[in-house]
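Q: Please take one part of this model and describe it closely, step by step. Please then set some other parts of the chain beside it, and explain each term when it is used.

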Amino acid sequence: MLESLRRIVQEVNNAPDLEQALTIIVRRVKQAVGADVCSVYLNDLDNRRHVLHASEGLRGKVVGRVRLEFGRGLIGLVSERAEPINLDDAATHPRYENVIDTKEDRYHGFLGAPIIQNRKVLGVLVLRQRQRRHFDEDEVTFVMTLASQLAGAITFARTSGELARLQEDGLPQRFLPGLAASPGIGIGQAVVVYPPADLDAVPDRRAENTETEELDFQQAVNAVLADLERFATRTQKLLSSEDMALFDAWRMMLEGDTLIDGTLARIRAGNWAPGALRETISEHVKVFDSMEDAYLRERASDIRDLGRCVLMHLQNLTAAPIQYAAQTILVGEEISAMQIADVPRDKLVGIVSTTGSGSSHVGILARGMGIPAAMGVADLPVGRAEGREMVVDGYRGRVYVAPGPAVRAEYQRLAEDDAVLTSELQALRHLPAETTDGYALPLFLNTGLVSESRPLGIEESAGVGLYRTELPFIVRDSFPGESAQMSNYRHVLELFAPRPVTIRTLDIGGDKPLPYFPMHEANPFLGWRGIRITLDHPEIFLTQVRAILRASIGLDNLQILIPMISTVGEVDDALLLIHRAHDELLEEGYQVKMPPVGVMIEVPAAVYQAEALARRVDFLSVGTNDLTQYLLAVDRNNPHVAKLYDEFHPAILRALLQIITGARVHGREVSVCGEMAGDPLATFLLLGMGVHSLSMGAGSLLRVKRVIRSISRARAREVLKIALQCEDSGSIRRLLLDALEDVGLGALVRPGK
Ligand code: PEP
Ligand code: MG
């Protein structure tokens with residue numbers, strides 16, 4: 001049964017449309033289970049009825065004709081209960097109804113399994129037997145597994161309008177949900193791209209001649225470098241110098257030691273070049289994949305992309321030239337920066353990826369180029385998308401396949417509004433972030449990728465509010481020394497001088513491991529993380545602090561930030577070490593100034609001790625990403641509880657107020673550097689509370705600035721006052737959206753004027 005399950009799943013996935021997928025299911029399931037009839041009913045939500053869409057074993061033309069109102073019969077019962085019903089003799093069940101067309105009176109054995117997606121019942125898969133029959137446990141799980149496979153195909157058919165055509169009653173068009181990665185509206189034709197070479201399929205093999213393998217590998221790397229050069233030249237006129245940094249990032253990875261040396265070492269140990277490359281890439285990917293920070297985790301796909309490009313050259317494969325539509329929506333499971341660069345800019349109107357999120361490099365690149373993008377659109381069957389017309393709503397991460405005339409016209413209008421908004425935002429680049437009543441709320445940048453040699457948003461930010469230092473530690477084979485670290489920090493301090501740069505000390509932890517510093521914990525989020533590790537290893541902390549301090553000599557724009565603080569003792573110990581590093585450097589003759597030191601408030605315990613913490617340091621910075629996960633007990637990276645992860649939960653607002661009150665006692669400033677700071681909806685609340693500065697990703701700077709410049713502080717306080725009376729996050733969101741609409745800025749968080 002397992003084998004036929006695998007075969008049926010494959011056939012269903014390859015079916016060109018829903019009708020054929022359903023036909024395959026009913027035929028194959030009937031056969032595999034030995035039932036007399038197998039049927040699929042789909043729920044027509046708008047007309048509140050179950051419609052028979054496919055059947056094998058019934059006589060006559062019943063498909064499409066049999067329609068049961070919701071709540072009727074055993075089909076209705078399976079759908080209501082959203083669980084399988086298995087009856088030896090259906091005719092004796094109180095909910096049994098004899099539907100004349102299907103001649104149900106002839107059947108006794110009954111097994112109905114709901115088809116469910118995202119908690120919604122989409123239909124029912126039914127087996128019937130003339131004799132009495134109790135379907136065994138294996139048969140029930142078999143049918144349930146296939147029902148769940150159908151869910152994806154049904155969702156796609158709904159969104160593409162196929163289902164509406166089948167039901168012929170013009171259902172409103174639905175969309176495929178994903179993550180909003182780059183705002184804007186794109187309307188065009190899907191061009192599907194596939195990864196150029198399958199690295200995972202490469203086997204290990206003994207190298208016949210190590211030297212030839214080494215040479216081949218070096219040549220392949222050089223060929224990729226040449227490709228990069230070509231793409232960079234092609235996109236140069238289209239991208240700002242900041243955006244071009246993505247190509248530098250790839251080049252740095254290809255020229256750095258880890259990938260090259262790792263592969264060469266494996267070749268010398270006897271593996272052939274493709275096998276050695278696969279091993280090296282997968283080792284690095286594993287480290288990034290297991291990271292807690294979504295932003296860092298996305299680097300895994302960059303490394304995988306690079307590996308594929310090198311492999312392609314090793315295998316002497318050259319991709320056939322792709323024919324791009326005049327309005328191309330680039331669609332793929334994992335789209336690479338190179339594939340984006342390959343599309344002539346004037347033809348690229350949207351990007352849709354079934355994996356990834358807004359913090360992936362593709363997301364960053366899309367934002368930099370101003371291309372609307374939706375990532376993580378998991379329900380999109382890429383194989384069926386080629387050539388279809390699509391609408392990408394980058395504000396809400398929605399994708400419409402084969403949009404009907406009404407949807408198309410509406411989005412055409414929204415796209416026109418959007419073009420106006422984008423040009424308006426650009427005009428704000430050099431204007432201050434100041435309210436209509438003259439209150440300045442400086443906006444800083446979150447950065448910290450080693451690959452971002454010139455991060456986005458340099459010009460329009462007041463400095464760096466959060467420089468994450470983990471990456472330089474993660475991409476190496478051992479702890480970076482003082483001078484290697486120093487040149488990293490110096491680069492960012494110089495880039496922004498004289499504007500302040502807040503460098504956060506190492507925040508690695510159980511889920512953000514270093515390949516050379518293994519730890520295994522049952523509860524990594526509650527384990528050895530951030531300052532807890534560095535205090536246990538003062539040699540790591542001191543080296544980093546010395547590097548940070550030395551990097552600031554002569555620039556004096558440094559601030560140090562300590563992560564994951566949960567006790568005052570940790571702050572006292574960290575300060576002691578920072579002073580010790582400072583004293584040592586003075587003794588060694590370095591003219592280092594002691595910088596302001598702050599702590600991150602991201603653990604609930606720190607909220608309640610904000611005052612005691614503020615007394616010890618120069619400023620507080622709120623990490624709402626971790627604070628939300630710890631306060632609400634919701635893993636910030638777990639999709640199953642993503643709905644519960646909400647920064648507008650009333651408890652978060654109260655925590656923020658408590659932090660600000662605590663800091664005020666000692667006259668300390670409070671900044672917010674979690675993702676909440678970059679949400680235009682949150683601006684009312686944070687401004688109203690009296691937060692002193694915000695730090696966010698580059699893509700959010702102008703949008704948040706637009707809100708600040710459109711409202712008064714008094715209005716922000718009013719909105720905050722009402723928000724504090726709300727008891728759930730839904731009401732708070734609605735309130736904030738209304739407030740944004742009132743000043744004509746709803747378009748910042750949703751499409752349309
Ligand atoms: C936070 O937790 O909000 C934060 C800014 O830190 P990170 O996302 O790096 O954990
Ligand atoms: Mg954090």
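A: **The surroundings of ligand 1**

Among the 14 residues around ligand 1, those that come nearest are Arg468, Arg504, Gly623, Asn625 and Arg636; a residue belongs to this group if one of its heavy atoms lies within 4 Å of the ligand. The model is predicted, so local features need pLDDT of at least 70 and side-chain atom pairs count only at pLDDT 80 or more, while totals for chains, interfaces and linings use all residues. Residues are numbered from 1 along each chain as its sequence is written, chains are lettered from A and ligands numbered from 1 in the order in which they are written, and side-chain values use heavy atoms, with hydrogens and water left out.

Some of these residues make polar contacts, which are pairs of N or O atoms within 3.5 Å (within protein, one atom must be able to donate a hydrogen and the other to accept it, and residues adjacent in sequence count only if both atoms are side-chain atoms). Arg504 places a polar side-chain atom 2.9 Å from an oxygen atom of ligand 1. From the backbone, a polar atom of Asn625 is 2.7 Å from an oxygen atom of the ligand, and an N or O atom of Gly623 lies 3.4 Å from one. Of the 290 Å² of accessible area that ligand 1 has on its own, the protein covers 100%; such areas come from the Shrake-Rupley method with a 1.4 Å probe, and for residues only the protein chains shown count as cover.

The shell around ligand 1 consists of three nonpolar, four polar and seven charged residues. Here Ala, Val, Leu, Ile, Met, Phe, Trp, Tyr, Cys and Pro count as nonpolar, Asp, Glu, Lys and Arg as charged, and the others, Gly among them, as polar. Helix H22 (residues 624-632) gives the largest share of this shell, three residues. Helices (H or I, at least four residues) and strands (E, at least two) are DSSP runs, numbered from the N terminus.

Other parts of the chain may be set beside this site. The peptide bond from Ala497 to Pro498 is cis, with omega near 5°, and Pro498 is found in the loop between helix H16 (482-496) and strand S17 (501-504). In the loop between strand S14 (398-401) and H14 lies Ala402, which has a positive phi of about 45° although it is not a glycine.

Tyr439 belongs to the loop between helix H14 (405-426) and strand S15 (443-447). Its C-alpha atom is separated by 9.4 Å from that of Leu687, 248 residues apart along the chain. Leaving aside neighbours within four places in sequence, Tyr439 is in contact (heavy atoms within 4.5 Å) with Ala433, Glu434, Leu687, Val691 and Arg713.

Met253 lies in helix H7 (residues 241-255). Apart from residues up to four places away in sequence, Met253 touches Leu259, Asp302, Ile303 and Leu306.
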